[in-house]
Structures are given as structure tokens and as C-alpha cells.
Amino acid sequence: MKLQEQHIQDLASGASFLATGGGGDPYLSLLCAQQSIKQYETADLISIDSLADDAVIVAVGSVGAPTTSLELLPSVDEPLIAIRAFERHTGLSIDAVVSFEIGGGNSLIPIVAAAAAGVPVIDGDGMGRALPEVQMMTYSIAGISPTPSIAVDYAGNSVVFENISVLEYEEQIRDFSMARGGIVTTVEFAMTVRELRQCIVADTVSLAIAIGEVLRLARGNALHLIQKLAPVFEPTSYGQLTVLFSGMVTDVATSVIGGYDIGYALLRADNNAEKQVRVDIKNEYLTVWEGDKLLTSVPDLITLLDTETGQPINSERLSFGQRVTIVGIGCPPHFRTPAALAVVGPKCFGFDFDFTPIEKLVY
Amino acid sequence: MRIGIDVGGTHTDAVLLSGDSVVETCKVLTSADVMSGIVEALTRLQEKSALANSAKSIMIGTTQFTNAVIERRSLQPVAAIRLGSPSGRGLPPFVGWPEDIAEAIGGTVFELDGGYLYNGSELAPLNTAQLDTAINQLGRLNIEAVAITSAFAPMNAAPELHVNERIRQVLPQCRTTMSHEIGRVGLLERENAAILNASLLHFADYVINGIENALASVRLSCPVFISQNDGTLMDVSFARRFPALTFASGPTNSLRGAAKLTGLNDAIVIDIGGTTTDIGVLRGGFPRESNLVVEVGGVRTNFRMPDILAIGLGGGSRVNNNGLSVGPTSVGHELVSQALVFGGAVLTASDIAVAAGQASMGDRSRVRELNSDVVSNCLDTMGKMLASSIQKMNPGKTALPVVLVGGGAAIAPNTLDAGFEIVRPEHCDVANAIGAAIAQVGGEAERFISYNEIVRETAIEQVRSDATMKAVAAGADPDSVRVNDIEEVAIPYMDSGATRVRVKVIGEVAALNSYPTSAAVR
């Protein structure tokens, strides 16, 4: 499918829904994608099955603090600079690109890259949501190395990372981005279609576009929108949408700990002032608690919607007095294996309990 | 004693308030030049009550600047200077703007080296030769308004100040808007706000000179304030420099006026005009603000604005299909000649209200022959339109009281299906002018601060002090200033305790307490 302007706008909106509070405001990535498809021919969104088994894929996206890009603007040519540097350094010729994560602005960077490099973008991603670290991608979990990788800073300078473990890479790329203004564009995970097929969360780009279309056309409150979204999720590998809570934000306390935005939000129910829930945050929304009863936890998806407009609210925009509706969604099966839960389960975020799927917690 | 004036598209309303109580009100048609309408309204007020002459301050709400942007008129060409290269390649100033307004404003852009990074180090050093070339070109192009925007200016405005100073030296006739003076964090939205503001500077002089002349001609010499989008006020010298801060002040004033007239702090407010109905929500006595980025005339900004749902229903809405369809087309300000009750030939929502005995205007005998089914169908249609919109805006499950205000309030039915209680306060037709009259003065400041370097309490105190200075500069009594909102946002992934701190303060108008003869505080 040739991606048109409207697809890209809907993708940006749907990607906010799947971002579970993180991933950053996709507006700037949207602008880059719009400029890129204006400047070049638009990108083609393709199924992984339409490529040969040994075709070469890379994942492309931003690493760093999305909030800083509100001031340190991204450049439309950054993804292309990264891809060309990657090809020069490795001698590989890239056949298609894929997204790190469908949540937030990183859903759109591959389109910027694909249009500029004249290659297609694959319908799918490495998370099915947003998560903060490189080892949490299904690509890493499947044993594919993120390096060799190229990182490009705001001035267009590129550097190479090579032959290091996933965890070392996570640490070094984080340091590099902080040293270069807080955000960089990277090309990582050179892989064949054969490798990617084993781990891709498929069809999430078209899912996000479909979600965005519903958010655009079915204006109304959160409950109304959730009814309209249910059939969109029905045929996917995600679980069903479950309304966990509806109420007002009474406190948001977050601070930066160990390089992350860590804290919690407290909410009071609309219909019962005694009923309170707590949402734990580490960039993304991680858990929802009613007293000491857990309602949902990472890696299942937790999305907060503005009750009145149904629009998703990112964690950095959550504030006192907002009326929000909390929705839980079972994550794709990729994250429910023991190997995946070892890197994305609650314990990886400092909690002392094991993962229980949402469907066992609330039904 | 104070006077509130609302200059709307159709009517100019004026109210005289003594403390909190309404002394007199009047409503006249808005004139094409705006100013003679104000003169007429004030003259009427003076005729009704001699107390009007002893007013200590006048507050004016106007949609002139919003309308100028929406209609793309009275805008002057602006050059946008951005200091942020080499970042943002391919996303120049005016990116994402509708083409017609980008053309109206000129689209001259300069992307220069400069600005800062999140950690306080330079993004790129200012390049003097580059800057001088740009300023020369401004002179050659005869551009008289410039918007200056620098990366991380809310944290460090030095590059903007430097460029502003150079322009002042070389091109003294040029007027400038620096982004850090008008917007918050978010470079593109702040730059857009600065560009829109700069494009209105010339028109602001015209409008404010007109207001001052109008007041002089009716011999009122008290200080004048202009309503801002957050329900607070600015003095006229500030408004000359920041006309864009009046965007969306109309809906804000009607919400605040409704709060004052009813004493309700939490309510849904329906402002029915001639062509449209604006539905907003009062929370704690103030308008609920939109969580989303707000577009003005299609341009994305980050102004503080009330969350408003507008529908095409008003006193002038055309009634079609035997009353089963009403609006969105309207006879607008031609209501007084085209509606049936005024001797015209168009069946409007106002005619239905008169026929149903809800309103008295024009000649009722002209609608006596109207089919009663059409009347009841139409009331039903309008009730359904309002009820479904109210349900969209109603926060939570409890039905809030619904306050009807605005010149077209009479067209609304007396009951709504959804079980909302309807309140029609006295003076509801001039709620906007009352909202303008009771407004306060606000100030907002924002900075990126590292809590590792500055203790949190000290940091917030610094930002509060910035905000207070802004409020006092906009005309607030320093002793009455209080904190209205504190927002802290930690920056994800950063190890330095970096936090975005934003403080909003609000205070009483200094002139109400101390009655100074001049409010020229800047």
C-alpha cells in the first residue's frame, strides 16, 4: 500500500494509543514524514511475506529523550544519513526498513527513511507498544544483535557501534544520545527477512492507522471510542480492550531516577470518592493498582484516555485535575514467553512480583 | 465601579458593575470600524447611569485579532528568524501552516546558527556574519515585523535578546516579537505564536488607538485592560505588544461571566450567538482548558485555551425541512432584516423561539400563522442538538447544571432529555461583557531546571518569581498575586535531574484596589 498523507496522520494518532504513555509526542516525526513523502516519492507499506527470505532489513528510529526534541528539532535527512552511513560501513545494501516500536514517534521514522532511501517499510514492529530499552525489542529477544549500528546526531555527524553485547550497547547509545543533545537517530539490527519473520509483531502499522482512523472519525468520549475500537483489535493478536477505571487525576509524582522518568499517578473514581487507583510510571504506564489489588501490569498495555475526548494522554502530559479513563489490553503473545518476560516482565522494572496476564486479573 | 465591554461579531455589549453587582447593561450593533460601536455602547451606558462616568477601570474583550487570523486580513508580512541550525533541517519556520496564511504573512525565513541544548551548552555559536547578512536582507525587503525564535529560549533567551538588539540598532523601525516572551517549551508552536503575534502588531496599534480614542471621545480616562485567552487581563501597552494573547478570550469571558451570574463553580456553559453555539465547561470557577495543542486559523500553537465544542446553531440559524433540520447556515447579523419577526422572509431559530413564547423580539404577529408542528419539531431538533453536545462535554457521570448565556440563549428549549438542569441567569445576554469586567491578571513562567543543582523548593520559587513579575508587568496588584498552578515535568532518560517547571499565578487588577491614573507598567 502506498502511504498517503491521511494514512500518516492516522498512524501518528494511532501510535499514541499504542504508546502506553511513552514514546513521545509523534507530531515532529509526523512533520518529518510529511516533508519526506513530499520531497521524495511516498513509501510503500508492505507485508513481510512479500520479500525474499534473504532480503536485508534494518530497524531505524530515535533513541533518547523525546521531550528534548520539542526544542532540538529533528531533521528530515537524519534517517537517510544513518542508512547511507550504515551501507557504506557494512557494505550491505538495504532492501526494506522496519520500526523499533509502534508506540509514539518511532512509528513514523521508518517512513521518513523509506521514502528518502526509496525502499519499502514493513508492516510490523519490534514491540507492539512502546518500551524504553533496546533489549526489550522482540528482535533482541530472538537473539539478533543490534550492532553494527550507526547513530546520527543533530548536526548530521555519524558514529559506529560494533561488536558489543545488547546491554552494553543500551548503555553506550544512551550515553551518546545524552552527550549529543538528548536525542539521536539510529540504524540497528541488520537482519534477513528469515530472521525477522521469527520475531516481528506483524501488521502493527496498519493496526495503528486503523486506530487513528477511528480516533479521527468517531469523536466522542472515551467509552464511545472504545466501543468503536473493539472490532479493530478483534482480528489481531492483542487481547481485548478492558476499561479498568474512570476518574480524576489527584496527584502525579514523578522524578528522574537512573535516567528514567519514574513515579506514579493517583486517581479517584468518578462515581465513588472512596475508590482510588494508582498507576506506576517508568516513561510508560507499567501497572494499575486498586489498593493492593493489581489490575494490569507490563508488558500488557495500559493506555490512559482523556475521558471527555477519548484522546490518548502521554505520561509527560498527565496532570492534576484531568479526567481520564484507563484501558488495559493484553499484549501480543511475543511478550508472554518466559524468554521475553525475563526482559520485559514486572521484575525488569523493579517490581517484586511475576507477570499475570490481564485476563486472569480482571475476569 | 467598572465597565466591561465585549466586542463580538454581531453585537457590542457593555455592562456597568459596582463591586460584584450589575448596575446597567446595554447591547448595540458592532460597527464596521468597531470603535463607533464602542462609543455608542458607552454613551448609552452613560445615559442610563451617571455612575458610568466614575468607572475606575474598563475591561474589553475582543475577537478582532482571532478573526483577523481566521479571515487572513489585517496581517502584516513577517520575517521569521530561527536560531537552531544545524538542527531542524527540512522543518523551516511556517512548516505545517495552511498555504493561504503562510502567503498572507510572507514566508520570509532565516535559519541561523545558535540556540542551546537541554543541558545548557550551546547548540551552535551565534554567527555574526550570518546574522548581519540576514539583517541587511530584512532592510532590503522592507520587512517591518520580525519573529525571533531560539532553541531552548525558555531556558536561555540570550540568543533571542542578542538578535533583537542587533535589529533594533540597524533597523530601528522594525518591530519584533521574541518567542520566549509569548510561548512555552515546544519550539515550533512557540515560533508559530511569535510569528502570528508579530503579524498582528500593526493591527494592534490600529485597534488599541481606536479603543483609546473611543474612550477619550466619551470622556472616560480610567485605565483600560484587554482580556486574554486564560480569563485574565493585560493592560493596553502590553496588548499592543502581545495582541495574540487575546485569542479565544471570547469563550473564556462567557464561561467566567456565567460563573459570576450563577455562583456556580462547576457547570456546563452554553453560549448561543447568532451563528454558532460554543459549549464549554467550568471547573472550580475557571474554564476547563484543552489538553490538546490548539490551532488558531489552522496554525498550531501552545496558547492556553478553554476546551470548546462549537456547533452550527444560533439565533440566526435557518430552519429547514419542517423544523427537522436547523443550521448550520445562518442569516448572521442580517437577522434584524431577514427574520420573519423583523419583516423578512427567512424562517430562523429566533422566529421559532418567538412563536413558542420563549422570546420576545420583533413583531410576534408575523409568526402567528406558523404551523405548530414546525415549531415543536424545531424545538425538539434544537434540544437534541444541544443535548448530544452537552453529553460529549459533560465530565464524569453526574449531570452538571447547564447555564445558558449569549444573545441567542432564548432559542434553547426549557428542558433537555438528558436530565440536565437548565439555568438561565438574569443578564445572561451580556455574560461576555460581565466576564471581561471581572477578569483578573495572570502571569506564567517556565524553565528547565536541574534539581541536582538547584533544590526543588528554590527552583519552584524562582519560577514563581518570574511568573509574578510577568503578572505585575501585565497590571496585577503585587500583593494579591497567588499561585494558580505548578507543573513539573521530568525529562525522560536524562540523568541530571532535569525538570521542566511551569508556574501560573493570578492576581487582582491593581487599578481596582488602588485606582492609579496610569497602568503604563512596562
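**Strand pairing in chain B and helices in chain A**

In the strand β21(B), V441(B) serves as the bridge partner of L233(B). This pairing belongs to a predicted model, in which strand β10 (residues 232–235) of chain B runs parallel to β21(B) and is joined to it over two bridges. β21(B) also pairs with strand β23 (residues 498–507) of chain B, here in the antiparallel sense and over 10 bridges, and within β23(B) the bridge partner of R447(B) is V501(B). Of the 11 residues of β21(B), which covers residues 440–450, nine are buried, and the strand is therefore largely enclosed by the rest of the structure.

In chain A, helix α4 (residues 109–117) is likewise largely enclosed by the rest of the structure, because nine of its nine residues are buried. These buried residues are I109(A), P110(A), I111(A) and V112(A), followed by A113(A), A114(A), A115(A), A116(A) and A117(A). Just after α4(A) comes G118(A), which takes a positive phi of about 70°.

Also in chain A, helix α1 (residues 5–17) packs against helix α2 (residues 27–39) at an angle of about 165°, and the axes of the two helices lie 10 Å apart. Because angles over 145 degrees count as roughly antiparallel, α1(A) is described as roughly antiparallel to α2(A). The crossing of α1(A) past α2(A) is right-handed. At this contact, E5(A), I8(A), Q9(A) and A12(A) of α1(A) meet L30(A), A33(A) and Q34(A) of α2(A). Sorted by class, the contact of α1(A) with α2(A) comprises four nonpolar residues, two polar residues and one charged residue.

How values were computed
Residues are numbered from 1 along each chain as its sequence is written. Chains are lettered from A and ligands numbered from 1 in the order in which they are written. This is a predicted model: local features need pLDDT of at least 70, side-chain atom pairs count only at pLDDT 80 or more; totals for chains, interfaces and linings use all residues. A residue is buried if 20 or more other C-beta atoms lie within 10 Å of its own, exposed if 12 or fewer, and partly exposed in between; C-beta atoms are placed from the backbone. Helices (H or I, at least four residues) and strands (E, at least two) are DSSP runs, numbered from the N terminus. Two strands pair if DSSP finds at least two bridges between them. Axes are lines fitted to C-alpha atoms, for helices over the stretch in contact, and angles run from 0 to 180 degrees between N-to-C directions. Angles under 35 degrees count as roughly parallel, over 145 as roughly antiparallel, 65 to 115 as roughly perpendicular and the rest as oblique. A crossing is left-handed if the near helix is turned anticlockwise from the far one by less than a right angle, and right-handed if clockwise. Two residues are in contact if their C-beta atoms, placed from the backbone, lie within 7 Å. Ala, Val, Leu, Ile, Met, Phe, Trp, Tyr, Cys and Pro count as nonpolar, Asp, Glu, Lys and Arg as charged, and the others, Gly among them, as polar.
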